Every structure is written in C-alpha cells, then in structure tokens.
Amino acid sequence: VQLQASGGGLVQPGDSLRLSCAASEREATGWFRQPPGKEREFVAGISYRGGEKFHARSVKDRFIISRDSGKNTYLRMNSLKPEDTAVYYCAAKISGGSRVYTVESDYDFWGQGTQVTVSS
C-alpha cells in the first residue's frame with residue numbers, strides 16, 4: 001500500500017487545516033504526528049468501513065478524521081495550537097471491517113509525512 005500525505009503548512013493559532021492521505025488501497029487508516037524532539041504519537045484512527053473512529057484525548061473535539069467512499073482519508077484540524085506543530089503521518093493497516101487501530105506497531109504501511117507549523 002502506498003500512502004501520500006498532503007495539506008500541511010504554516011498557520012496561525014486558531015486556524016484550521018485539512019490534511020489528506022491518498023492511498024493506493026482502502027485499508028484501516030491512522031494519523032500520527034511527531035513534534036520536534038519528541039516521539040511519534042497517535043492522533044486519530046478510522047476503520048476500513050469508515051463508521052468507527054477514535055481520536056486522541058489531546059485533539060478530541062478539535063480534530064476530525066474521516067474518509068471518502070474510495071481510498072482517501074482526511075484529518076480536519078480546527079483551533080490549531082502551537083503544540084500541534086509536528087510532522088503528520090498517515091498509516092495503513094491491512095484490515096477489513098470495523099476495527100480502529102491506535103498503536104503505531106499495528107500499522108503496516110506509512111506515508112512520508114507533511115509538516116504542520118502553528119505559529120504567530
């Protein structure tokens with residue numbers, strides 16, 4: 001599975017961004033991020049079917065993961081904060097059905113990452 005993340009950029013606090021993950025196959029998908037100098041962390045995940053989602057506590061109520069009827073997954077990020085600054089990665093887990101995966105080691109394939117910088 002090939003993954004291409006896009007949509008990052010430099011924004012001000014309070015702004016919004018939508019990240020996109022274009023995949024070569026439809027699979028369960030997750031978004032992770034790696035802030036400068038820190039470990040990569042889970043942000044949000046969505047099942048293969050798309051009806052099941054899970055968001056990390058740090059982004060819940062601000063970020064929304066979604067997917068279309070094809071192979072693409074999105075991360076809508078609202079009310080961005082400086083601490084959201086990170087490289088954002090999408091990842092795919094070969095899986096049908098309704099399960100959402102939240103652990104980095106669960107995922108089989110990774111995209112190249114897109115930089116999000118939140119700064120005034």
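Here is a friendly conversation about a predicted model, covering its salt bridges, its disulfide and one of its sheets.

Colleague: Let's begin with charged pairs. How many salt bridges does the count come to?

Modeller: Side chains of opposite charge can pair when their charged atoms come close. The cut-off here is a Lys or Arg side-chain nitrogen within 4 Å of a carboxyl oxygen of Asp or Glu. By this rule, the count comes to 5 salt bridges.

Colleague: With which residue does E41 form a salt bridge?

Modeller: E41 is partly exposed, at 31% relative accessibility. Its partner is buried, with a relative accessible area of 4%. The closest N and O atoms of the pair are 2.6 Å apart, and the partner of E41 is R33.

Colleague: Which residues are linked with R33 and E41 in a network of salt bridges?

Modeller: One of the other members lies in the loop between β6 (53-55) and β7 (63-67), and that is R62. R62 is buried, with a relative accessible area of 11%. Leaving aside neighbours within four places in sequence, R62 has contacts that include D84. The residues that join R33 and E41 in the network are R62 and D84.

Colleague: Which residue has its backbone oxygen 3.0 Å from a polar atom of the R62 side chain?

Modeller: Beyond four places in sequence, R62 is in contact with R76, M77, N78, S79, L80, K81 and D84. The backbone oxygen 3.0 Å from a polar atom of the R62 side chain belongs to S79.

Colleague: How many residues apart in sequence are the parts that E104 and R40 tie together?

Modeller: The side chains of E104 and R40 meet in a salt bridge, 2.8 Å from N to O. E104 lies in the loop between β9 (86-93) and β10 (109-110), while R40 lies in the loop between β4 (28-34) and β5 (41-46), so the parts tied together are apart in sequence by 64 residues.

Colleague: Is R49, the salt-bridge partner of E52, buried or exposed?

Modeller: The closest N and O atoms of E52 and R49 are 2.9 Å apart. E52 is partly exposed, with a relative accessible area of 23%. R49 has a relative accessible area of 54%, and exposed means over 50%, so R49 is exposed.

Colleague: On to the cysteines. Which strands does the disulfide of C21 and C90 tie together?

Modeller: A search of the whole structure finds 1 disulfide, and C21 and C90 form it with their sulfur atoms 2.2 Å apart. C21 lies in one strand (residues 17-23) and C90 in another, so the pair ties together parts that are 69 residues apart in sequence. Both C21 and C90 are buried. The two strands are β3 and β9.

Colleague: Is the disulfide of C21 and C90 right-handed or left-handed?

Modeller: A disulfide is a covalent bond between the sulfur atoms of two cysteines. The torsion about the S-S bond of C21 and C90 is about 70°, so this disulfide is right-handed.

Colleague: Last topic, the open sheet. Which strands stand at the edges of the sheet with the order β1-β3-β8-β7?

Modeller: This open sheet has 4 strands with antiparallel pairing. An edge strand here has a single partner strand, so one side of it is left without a neighbour in the sheet. The strands at the edges are β1 (3-6) and β7.

Colleague: Which residue in β8 stands opposite S66?

Modeller: β7 pairs with strand β8 (residues 73-77) in the antiparallel sense, over 5 bridges. The residue of β8 opposite S66 is Y74.

Key
Residues are numbered from 1 along each chain as its sequence is written. This is a predicted model: local features need pLDDT of at least 70, side-chain atom pairs count only at pLDDT 80 or more; totals for chains, interfaces and linings use all residues. Side-chain values use heavy atoms; hydrogens and water are left out. Buried means under 20% relative accessible area, exposed over 50%, partly exposed in between (1.4 Å probe, protein chains only). A disulfide is a pair of cysteine sulfur atoms within 2.5 Å. A polar contact is a pair of N or O atoms within 3.5 Å; within protein, one must be able to donate a hydrogen and the other to accept it, and residues adjacent in sequence count only if both atoms are side-chain atoms. Contact means heavy atoms within 4.5 Å. Two strands pair if DSSP finds at least two bridges between them.
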